[in-house]
Amino acid sequence: MLPEPVVTRRELAAVVADAATADAYAIDTEFHRERTYYPRLALVQIAWHDQLAVIDPLAVPIKPLAELLDGHGLAVLHAAEQDLEVLFHECETRPRQIFDTQIGAGFIGFSSPSLATLHERLLGVELAKEARLSDWFQRPLPDHMLAYAAADVERLLEISDMLQRDLHARGRLKWAEEECELLLERADSGRSPETAWLKLKEVRRMEGRPRALGQAVARWREEYASRLNQPVRHLLSDLGVAVVAQRMPKSIEQLREIRGVEPRNLRKGADKDLLAFLNEIRGADLPIEPASKSSKLDPALKPAVSLITSWAAQHAAELDLDPTLVATRSDIEALLRGDPDCRSLKGWRAEIIAAPVQQLLEGAAAVAFDGQGRLTLEERSGRAISPLKGSR
C-alpha cells in the first residue's frame with residue numbers, strides 16, 4: 001500500500017521526530033536541474049524502522065528535515081553525491097554520517113552499480129524503471145511514480161545491512177566507511193567559482209596570461225550563473241569561456257562574433273556585465289593557478305602510465321574491488337608525479353596500489369604478461385632480453 005504524500009508541517013514534524021529515533025534511515029530525492037544552477041527538489045523519500053514517508057516539498061517546506069540530518073542516525077543513500085547537494089541547498093546541512101550503498105558495493109566487486117542492479121543481485125527483486133525520466137513536478141503524482149519513488153528507499157536499509165555484513169567479513173568495512181567520509185568532505189566543499197576552470201580542458205591547456213584570464217572568466221561565469229540560478233552552459237559555453245579569455249572583446253559586437261557565444265544566452269544585461277568584468281581584469285595583475293600543485297610528470301614515466309593503469313584495474317578486479325575506486329588514470333599520473341595529495345597514497349589504497357608502484361619505480365618489480373593475456377607483477381630479474389636481429 002502506497003503511503004500518502006506528506007503535505008503538512010504537522011505530518012512532517014511527526015516523520016522527523018520518529019525517524020530521528022532510528023539508528024539508521026534511508027533517504028533519497030527526486031529533482032530536476034536541466035534548467036537551473038541549483039537542483040529543484042520535487043520529492044523526498046525516507047524509510048526507517050518499518051515506516052516509509054514520501055514528502056512533497058511543493059506543499060511543505062522541508063527545512064525541518066535538518067533535525068534528522070543533524071541527528072545521530074546513519075543516513076543510507078545510493079550514489080549520494082547529488083542527493084547531498086540537494087539536501088544542503090534545501091536544509092543548509094548534510095547528514096553527519098552516511099553509508100553510500102554504491103560505494104559499499106564497490107568494495108565487494110560491483111562496478112558503480114545502479115540501485116536496480118543491487119536489488120536484482122542481492123534481493124532478487126526487479127525495480128520498475130518506467131518513471132525514471134518522468135516529470136516529478138506534475139501534481140498530483142500518479143500512483144506508479146509514487147511507487148517508483150518509494151521503492152528507492154523501501155529496502156535500501158536491508159541492502160545496506162547485507163553489504164555491511166559482507167564488508168565486515170572481508171575486513172573492508174572500514175575502507176568503505178573511510179570512502180563515505182571522503183564523499184561527505186567533498187560535498188562540504190561544494191562548487192567553488194575559484195576552481196570552476198579545472199573542469200574546462202580548453203582553459204587547462206592554456207599557459208601564462210591567457211590561462212589567468214581564462215580562470216577569471218570561468219569564475220565570472222560560475223558566480224553569475226549561480227546568481228541567476230541557471231546552468232553555466234546556458235550563459236556561456238565552455239568553448240566561449242576560452243575564446244573570450246583569448247580575445248578579450250571590448251564591445252557587444254566583438255563579443256557576439258566569438259565562437260561559443262550565443263547572444264540569446266547573454267541577455268538581460270549579462271553581456272554588459274561580462275564586458276565590464278573584462279575591462280576590470282584587462283590590465284589587472286592576475287594570479288596563474290597551476291592545474292596541479294605538484295610538478296609535471298617526468299616524460300620518461302609517461303609510457304608507464306597506461307601499463308600501470310591497466311595492471312591496477314586488473315589487480316582491483318582480482319581483489320573484488322571496483323577499479324574506479326582503487327585508481328583511475330589520473331590517480332596513477334598523480335602518484336607518478338609525486339603529488340602529496342594523491343589519494344593512492346592514503347588509507348587502504350596505499351598498500352594496494354602505492355606500495356607496488358613504488359617497487360616498480362625503484363626497479364625492484366616489473367609488470368609482465370603471464371602468457372594468457374593477463375598482467376602480473378613480478379620480482380624483477382634485472383636480466384634484459386636483447387631484441388633478435390632479423391636476417392637479411
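Visitor: Is the crossing of α10 and α12 left-handed or right-handed?

Guide: The two helices (DSSP runs of H or I, at least four residues) make a right-handed crossing, with the near helix turned clockwise from the far one by less than a right angle. This is a predicted model, where local features need pLDDT of at least 70, side-chain atom pairs count only at pLDDT 80 or more, and totals for chains, interfaces and linings use all residues. Residues are numbered from 1 along each chain as its sequence is written, and side-chain values use heavy atoms, leaving out hydrogens and water.

Visitor: At what angle do the axes of α10 and α12 cross?

Guide: Roughly 135°, and the axes of α10 (residues 208-228) and α12 (residues 238-247) come within 8 Å. Axes here are lines fitted to C-alpha atoms over the stretch in contact, with angles from 0 to 180 degrees between N-to-C directions. That makes α10 oblique to α12, a word for angles outside under 35, 65 to 115 and over 145 degrees.

Visitor: Which residues of α10 and α12 make the contact?

Guide: On α10 they are P210, L213, G214, V217, A218 and R221, and D238, V241, V244 and A245 do the job on α12. Contact means heavy atoms within 4.5 Å.

Visitor: New topic: how many disulfides are there?

Guide: The whole structure holds 0 disulfides (cysteine sulfur pairs within 2.5 Å). For C91, the nearest cysteine sulfur belongs to C180, 20 Å away.

Visitor: And is C91 buried or exposed?

Guide: Buried, at 2% relative accessibility; the cut-offs are under 20% for buried and over 50% for exposed, with partly exposed in between (1.4 Å probe, protein chains only). C342 is buried too, at 3%.

Visitor: What does Q314 touch?

Guide: Beyond residues up to four places away in sequence, Q314 touches R374 and L375. Q314 is in helix α15 (residues 302-318).
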